[in-house]
Amino acid sequence: MKEFHSFNRRFVLRTKSPDFERSMVIKMKKDRWWKNAVIYQIYPRSFQDSNGDGIGDIPGIISRLDYLQELGINAIWLSPVYRSPQDDNGYDISDYQDIDPMFGTINDMEELITEAKKREIRIIMDLVLNHTSDEHAWFLEAKRSRTNPYHDYYVWRDGVEGTPPNDMRASFGGSAWEWVPEVEQYYFHQFSIKQPDLNWENPKVRRELYDMILWWMDKGVGGFRLDVIDQIAKEPDKKITNNGPKLHEYIREMSKETFQKGDIITVGEAWGANPERAKLYSNPDNSEFSMVFQFEHIGLDQQEGKDKWDLAPLDFVKLKTILAKWQKEMFQVGWNSLFWNNHDLPRIVSRWGNDKEYRVEAAKMFAILLHGMQGTPYIYQGEELGMTNVRYALEEYRDIETLNLYKERIEMGYTPEEIMRSIYAKGRDNARTPMHWDDSEHAGFTQGTPWIKVNPNYKRINAKNELADENSIFHIYQKLIQLRKTHEIFVKGEFELLFADHPELFVYTRTWENQVLLVAANFYGRKVPFSMPQEYNRNKKCLISNYDNHEEHYLQPYEAVMYLLE
Ligand code: GLC
Ligand code: CA
């Protein structure tokens, strides 16, 4: 805010031509406060239980706000806490304007917003607008009859039982069409059978959703994360799921009717985004969202043309190319979210790093590498502790995606061993095991029986240990957050990838005015020769690193350094 005002003054003094004026207005918009914010994602059922039922809840989150304040984050993205049958852990909402009793009450939610505000932390709610639960009042009405006023809130096609309108598949397995005998029609669902798709073509649906968003804004919510937003404008007759023709028209309407009426930070989840589309989503004119959360850098460890479960080694050079592409394409015309993890992805330190002898180094390397880039960084709960993936027996898994996958692949003839290998590597429960607070029973997460087993390594890897050690992963994240606040180059510097084809090193610069930020990281476990390119061998100050002893001409296993050159 301060920055905005001083800019404004300069702008008034130096106004010259209409053209100049226009460029300055654009520039001011570019300097929105959230550009140096860091967002922390909480998966509520796994964060902190307060009442011993084994499920994390809102009072639990409130009790940990001091911890988050110490870390230094500016906003919490809260995965859904609305009333829900929990078929997809809350991404199946049966009442948008109520809190699930499992998580607490609406009063708890209000208290969370207030308590967070006291610590200068915003609450970002997860908006699931593509679908509701099949137990939502709208759907219960919709399926009564074809003439019910709510019928057209969902996507129906006539049919004969046994022959779905087409062969489209749902994301969690099976057909995307489900028969309802009462109306003799199929409804469309891109996710589970219990997540019927909303019909965005119906203006009444859109109005209901906007009113609901305004209701939350009134409660003091600071932002929204828009779940699978690229799928709302589906056209199943043409087999279009994401990026439907009316997508951006809908988003712009929603933004105008809701977000633009307040001081709201928004992030659109878009698996199918390319840079062109992302520039629309995150246009600095604020017509859609603040930023885009896209995944092009994520799926680089699967077989070409197959799905995420068909494992392949990471294509590291491609990873760099893709990250660099997004850095360059969005420069000054859009805004990226920076992340390695969320509640749908395995833990990065296990996935592409090392969760054994170099776990600490690797976790810090991922942090330094990501936080030096342009965009808003996200930390997923436990990432700041270097939490790892798990290997459980099948009956310990809870995620609907994982359980459906197992059934489906057994039928397809895969062996249990093959399927389990995929689940260990990519299953969403890797990220959903309870947060490790300390070394007491169940990691201090609950006094009862946790809804999902705690990762057995919690005695070693936990927040208590991390806070006690000044060299810990936690403290690296804390420092990175501070650096972003005190050095404008993090927000403004222009990105350049160096050694693009190097098979082990990830090196880049950010340039702004007379400064250069240089980040050099060894992505693998072998000591690699590395010399600073000649032109950067000047007046350098090390801002942060993950080894005490940097050896000249080498990067040690998973070593990462960040220099500021004046
Ligand atoms: C998003 C969520 C995921 C959920 C899906 C359906 O991808 O992140 O957890 O299952 O949407 O709502
Ligand atoms: Ca609880």
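**Notebook: a calcium site and a cavity**

I began with D53, which is partly exposed at a relative accessible area of 36% (buried is under 20%, exposed over 50%, partly exposed in between, with a 1.4 Å probe and protein chains only). I then checked I55, which counts as buried at 15% relative accessibility.

A note on the source: this is a predicted model, where local features need pLDDT of at least 70 and side-chain atom pairs count only at pLDDT 80 or more, while totals for chains, interfaces and linings use all residues. Residues are numbered from 1 along each chain as its sequence is written, chains are lettered from A and ligands numbered from 1 in the order written, and side-chain values use heavy atoms, without hydrogens and water.

Next I looked up the calcium ion (ligand 2): D49 (OD), N51 (OD1), D53 (OD), I55 (O) and D57 (OD) coordinate it at 2.3 to 2.4 Å. Donors here are N, O and S atoms within 3.2 Å for Na, K and Ca (2.8 Å for other metals); water is not among the atoms, so the site may look incomplete. I wrote the spacing of the donor residues down as D-x1-N-x1-D-x1-I-x1-D.

Then I turned to cavities (sets of points on a 1 Å grid over the protein atoms alone where a 1.4 Å probe fits but cannot get out; lining residues have an atom within 4 Å of a point). I found 4 cavities of 30 Å³ or more, and the largest has a volume of about 90 Å³. Its lining includes H297, W326 and F339. I saw that α10 gives the most to this lining, with 4 residues (helices are DSSP runs of H or I, at least four residues).

Terms used. 1 Å grid on protein atoms, 1.4 Å probe; cavity = no way out; pocket = protein on both sides within 12 Å on 5 of 7 lines; lining within 4 Å. Points joined across faces, edges and corners; volume = space filled by probe spheres on them. Helix = DSSP H or I, 4+ residues; strand = E, 2+ residues; numbered from the N terminus.
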